[in-house]
Each structure stands twice: as structure tokens, then as C-alpha cells.
Amino acid sequence: MKEVVIISGKGGTGKTSITAALASLANNTVFADCDVDAADLHLVLNPVVSKETDFSGGSRAEIISDKCAGCGICARMCRFDAIKLNGPPNGAIEKTCQVDPISCEGCKVCVEFCPTDAISFEPAINGKWFVSDTRFGPMVHARLGIAEENSGKLVTLIRKEAKKIAEEQGKDFLICDGSPGTGCPVIASITGADLVVVVTEPTLSGQHDLDRVVSLTESFGIQPLICINKADINPQLSDVIKSEARRKGIKVIAELPYDDAFTKAQMMKSTLIEYSGGATTQRLRAMWREVIYELG
Ligand code: SF4
Ligand code: SF4
């Protein structure tokens, strides 16, 4: 089984639409939506959930007001300013403390220093992850709670579960819609992948983001491939990206034109391949052939 991860330097490059298009070209494949902060592969693949599981990225402190003596030690010790005095009174005293669950980083310092053992430290539920069926094959995806972090851990979990399914079912490919950017979630998306395709667009910010994400993949020992989306909106800059890629020995496997058929296909909950047999579809077919060739 070979794992292909599609990433981009930033959101909005068309990464997910391109991933969905590849989904309808790849046979015997499992899909993983690792863009957990803005998961939208499900909008096109229309998954039917068969298994739903809570995700806990770590534990959080919570003050048991009945046991709290209101000494304020925890609030003074918390480096993240996550504890405030003047919570609800516990009957015996005027003041108790309260933990702001969004600011709590789960370092457990307050738990260690509380003189009355008034702070519980339980796994926090940060979101849910799902195993689903789609018309193209199984898919593992997730929904992170509002303002929740730990998306790197969730990405690692999703990839692990998707790989497990791929191995159990004897699949040939795992295609991941990776996280954008260069932070922890994208590192979790690409570590150990067989091949990474970076989707970019010919804008100055796109070029800058591309440089960063290419350096990142190379630092993990993965040779990236590049897909320039909307290549015709700035042909000069597309040429610059191509010559820079050539200089670095990186293959540009597709130049896709700006095509509003992507949006129209998405509105129909279809991939571009399903929606249109036009020129962009033909280029995506050629791109998938390149991916297979590069995977050997
Ligand atoms: S350290 Fe314990 S007893 Fe003191 S305010 Fe915090 S929770 Fe209450
Ligand atoms: S666990 Fe750490 S971050 Fe959370 S409230 Fe306690 S001291 Fe603050």
C-alpha cells in the first residue's frame, strides 16, 4: 500500500477539490481527511458514517468547588492564566476558582499544588473521528470541537486508522487530504508518507508558501511533487515556479487552468472527474498517472 498526501502552503488553493478528483480516479483506495481544522472532503465524497469515536487530545483541569478552599494557589501557579478567582461560591466560603477550559493547556501544575485535592484532571473530549463508506472507498475523517487544538494528534490518529483499514482490506493506496501550512498538523500529515503533492497557485504569497512547504517536506526526506492550480491567472509567475522547481530537481506534475467547473462540481457534490470531461479533467487524469509512475 502506498500513501499519497496532498498538501498546500495555505488554505484556498483548491487542494481539497484536487484530492476529491484524484479520489474518483484511484482504484482500491482508502481516503483520509487530515485537514481537521477545515475538514471539507466530506462535502464531495458524501460519506456514510459507520463508526463514530470521541477524540481526546489530552486532559484538562477542573475545580471541584465543594472541595476548593479558595486559597488562590492554583491561579498563581498557572502559567497560562487559565484560572480565575470568584467562581461560584461553595457554601462554606465566598470565593472559589474556576478553570477556563479554552486556556487550560493541561500541564497539571495546579493539580500538583492544590492543598485540598480540589482539582480533577480528566481526559477532555476535543472532537470526534469517523470511519465512513463513500462511493470511492472507505474514508476516515474527523470533526474538531470549536476552538480546540491538538489537531496534530488527531491527524496522526486519522492516518493510523486509515492505514489500518488499508492493510486489513488489501488496498493499493491511501490518499490523504493533508493540512495546509507548515505547522504541527502538516508535519503530522506527511511524516512517513510515500509521496507528497504540493498544490500551489501563481501568486506572490502562493510562491512564498510553496518555498516553505517544499523545504518542510524535504527536511522530512520526502521528495515533493508540485501541482500549479489556476496556472493561467499569472503565466509569468507560473513560469518562475516551474524554473525554480526545475532548479531544485522537483517535478511539476500538473498545471491546471482556472476552472469554475470545480465550484460547479462541488455544488453538485461531485468531483470534477464526475462532473466534466473537459480539459482540466484530462490534466487531472494525467496528473494521477504521474503520481502512480512516481510511486513506482
Ligand atoms: S489551589 Fe485548590 S483549594 Fe486553592 S483555590 Fe485552587 S482549587 Fe481551590
Ligand atoms: S492544568 Fe496547567 S494550564 Fe490547566 S489550569 Fe492547571 S496549571 Fe493552568
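**Notebook: two helices, two domains and a ligand**

I began at the end of a helix: right after α7, Gly-221 has a positive phi of about 75 degrees. A reminder to myself: this is a predicted model.

**Entry on α7.** I went back along the helix itself. α7 has 16 residues, and its first and last C-alpha atoms lie 23 Å apart, close to the 22 Å expected at 1.5 Å a residue. Next I asked which residues of α7 are buried. My list reads Gly-206, Asp-209, Leu-210, Val-213, Val-214, Leu-216 and Thr-217. Around the axis they cover an arc of only 160 degrees, which puts them on the same side of α7. On the face turned away from that buried side I found the exposed residues Leu-204, His-208, Arg-212, Ser-215 and Ser-219. Then I looked up what the buried residues of α7 pack against: β1 (2-8), α6 (184-190), β11, β12 and α8.

**Entry on α8.** That last name sent me to α8, which runs over residues 235-248. Its 14 residues should span 20 Å at 1.5 Å a residue, and the end C-alpha atoms are indeed 20 Å apart, so the two values agree. Here the buried residues are Ser-238, Ile-241 and Ala-245. Looking down the axis of α8, I see them fall within an arc of 60 degrees, so they line one face of the helix. The face turned away from the buried side holds Gln-236, Ser-243, Arg-246 and Arg-247, which are exposed. What covers the buried residues of α8? The cover includes β11 (195-200), α7 (204-219), β12 (224-228) and β13 (252-255). Just after α8 sits Gly-249, with a positive phi of about 75 degrees.

**Entry on the whole chain.** I stepped back and found 11 helices and 13 strands in the protein chain. Of its 296 residues, 46% count as buried. Among contacts with a separation of 6 or more, 74% join residues 24 or more positions apart. Along the principal axes, the C-alpha atoms fill a box of roughly 75 × 40 × 35 Å.

**Entry on the domains.** The domain assignment gives domain 1 as 2-56 + 127-295 and domain 2 as 58-124. Taken over C-alpha atoms, the centres of domain 1 and domain 2 are 42 Å apart.

**Entry on ligand 2.** Which of the 14 residues around ligand 2 come nearest? I noted Ala-61, Cys-78, Cys-104, Cys-107 and Cys-110. I also sorted the residues of the shell around ligand 2, and they divide into 11 nonpolar, one polar and two charged.

Conventions
Residues numbered from 1 in each chain as written. Chains lettered and ligands numbered in written order. Predicted model: local features only at pLDDT ≥ 70, side-chain atom pairs only at ≥ 80, totals over all residues. Near = placed C-beta within 6 Å. Nonpolar A, V, L, I, M, F, W, Y, C, P; charged D, E, K, R; others polar. Helix = DSSP H or I, 4+ residues; strand = E, 2+ residues; numbered from the N terminus. Buried ≥ 20, exposed ≤ 12 C-beta atoms within 10 Å, placed from the backbone. Contact = placed C-beta atoms within 7 Å. Expected span 1.5 Å × (residues − 1). Arc of directions from axis to C-beta. Domains from an automatic or database assignment.
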